[in-house]
Amino acid sequence: MLRARFLLPLAAFLVIAALIAVLGVGLTLDPRLVPSPLINKPAPAFTLPELEHPDKTFSKKDMLGKVWLLNVWASWCVSCREEHSTVLALSSSGVVPVIGLNYKDERADGINYLARLGNPYNVIAYDHDGRVGINFGVYGVPETYVIDKTGVIRYKCIGPVTPEIVRNKILPLVKELNGNA
Amino acid sequence: MLKLLALLLALFLAGSAIAKEAVPAAPDPALEKRAVALEKQLRCLVCQNETIADSRAELAMDLKKEIREKLKAGMSEEQIKQFLVARYGDFVLYKPPVMATTVPLWYGPFALLLAAVAGLFYYILRRRRSVAAQPLSEAEQARVRALLDSSEERP
């Protein structure tokens with residue numbers, strides 16, 4: 001009897017404390033970061049014209065055997081400017097090829113943007129109607145994918161890439177993927 | 001005057017041209033109805049508290065177009081949902097499916113209610129027992145009897 005008298009309030013307290021803890025952690029999470037179901041799944045196949053050379057096409061297959069980054073960007077996207085210098089630095093380090101996906105942009109605007117701010121991309125695929133974006137589950141530009149040698153998505157960064165993300169996530173992952181396969 | 005009329009006409013045409021762009025392409029009313037019904041069950045990931053049907057975001061517009069084309073191509077509602085879940089995750093569904101991770105979401109409130117009711121019953125039972133556990137003393141019994149007798153005398 002005595003035990004139940006102490007156990008019951010204790011149990012109630014623990015349940016409420018657990019609930020508050022769960023909700024408290026929930027408050028610190030960003031609801032914009034929706035985990036992608038495509039992680040560890042093959043990246044959707046696509047073939048698109050290149051931004052700067054409409055007569056040439058880029059296909060996902062072109063990158064088979066290489067670890068690469070797919071960076072989704074647009075000239076109208078404000079956060080893309082934020083990450084631009086980071087992407088430039090990463091690409092000029094030559095550690096990993098960076099492929100651009102120019103998403104729902106006008107060709108001239110995209111080209112102008114790169115002429116002004118610098119072009120970090122090895123190749124830029126031009127996704128004018130956003131179809132490839134839908135297949136990749138793009139919902140907020142910029143987004144960056146790390147794709148391994150077999151064409152499988154291994155990491156997705158939603159929002160601007162920061163030097164911290166490059167240092168702590170992208171570079172170690174690229175190193176690991178290059179070493180293993 | 002003619003110039004003005006031409007200008008007005010041009011403006012009118014331009015306006016309708018812009019308006020047309022926003023209307024998703026489904027002239028078939030039955031198909032349109034199915035598309036809208038489906039869109040009401042899907043979340044717009046840009047403005048997360050809106051359905052695709054309500055949203056004016058670019059992505060929602062594209063998805064509306066995609067949904068209509070897929071319906072026209074003969075895909076079922078379920079297939080389209082699966083197509084979107086495969087790309088955007090379960091979060092696109094406004095009604096989350098019952099899974100291991102969503103069990104607390106679906107049944108947690110009922111579990112809490114049950115626990116609260118159980119706690120209430122336990123409290124009431126214990127109180128009743130603790131009250132019944134104290135029989136009246138001889139003097140109190142006499143007082144009770146006196147009170148009952150006196151109350152009987154009154155009308």
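This section describes the domains and the sheet of chain A, and then the contact between chains A and B, in a predicted model.

Chain A is divided into two parts, with domain 1 covering residues 1–31 and domain 2 covering residues 47–180. The centres of these two domains of chain A, taken over C-alpha atoms, are separated by 44 Å.

An open sheet in chain A is formed by five strands in the order β5-β4-β3-β6-β7, with mixed pairing. The edges are occupied by β5 (123–127) and β7 (153–158) of chain A; each has a single partner strand, so one side of each is left without a neighbour in the sheet. On average, neighbouring strands of this sheet are turned by 20 degrees against each other, direction ignored. Strands of a sheet pair through backbone hydrogen bonds, in either the parallel or the antiparallel sense.

Both senses of pairing can be followed across the sheet of chain A, where the pairing is mixed. At one edge, β5(A) pairs with strand β4 (residues 98–103) of chain A in the parallel sense, over five bridges. Within this pair, A:Y126 of β5(A) stands opposite A:N102. Strand β3 (residues 68–73) of chain A, by contrast, pairs with β6(A) in the antiparallel sense, again over five bridges. Here A:N71 is placed opposite A:T144 of β6(A).

Strand β6 (residues 143–147) of chain A has five of its five residues buried, so it is largely enclosed by the rest of the structure. The side chains of this strand are divided between two directions: A:E143, A:Y145 and A:I147 point one way from β6(A), while A:T144 and A:V146 point the other way, and all are buried. On its other side in the strand order, β6(A) is followed by β7(A), and these two strands pair in the antiparallel sense over five bridges. A:I147 has A:I153 in β7(A) as its bridge partner. The two strands β6(A) and β7(A) form a hairpin with five residues between them. In the turn of this hairpin, A:G151 has a positive phi of about 85 degrees.

Between the chains, 16 residues of chain A are in contact with 15 residues of chain B. On the side of chain B that touches chain A, at least two residues each are supplied by α3 (58–72), α4 (77–88) and α5 (103–132) of chain B. Of the elements on this side, α3(B) gives the most, with four residues. By class, the side of chain B that touches chain A consists of eight nonpolar, three polar and four charged residues.

Key. Residues are numbered from 1 along each chain as its sequence is written. Chains are lettered from A and ligands numbered from 1 in the order in which they are written. This is a predicted model: local features need pLDDT of at least 70, side-chain atom pairs count only at pLDDT 80 or more; totals for chains, interfaces and linings use all residues. Two strands pair if DSSP finds at least two bridges between them. Axes are lines fitted to C-alpha atoms, for helices over the stretch in contact, and angles run from 0 to 180 degrees between N-to-C directions. Domain bounds come from an automatic or database domain assignment. Two residues are in contact if their C-beta atoms, placed from the backbone, lie within 7 Å. Ala, Val, Leu, Ile, Met, Phe, Trp, Tyr, Cys and Pro count as nonpolar, Asp, Glu, Lys and Arg as charged, and the others, Gly among them, as polar. A residue is buried if 20 or more other C-beta atoms lie within 10 Å of its own, exposed if 12 or fewer, and partly exposed in between; C-beta atoms are placed from the backbone.
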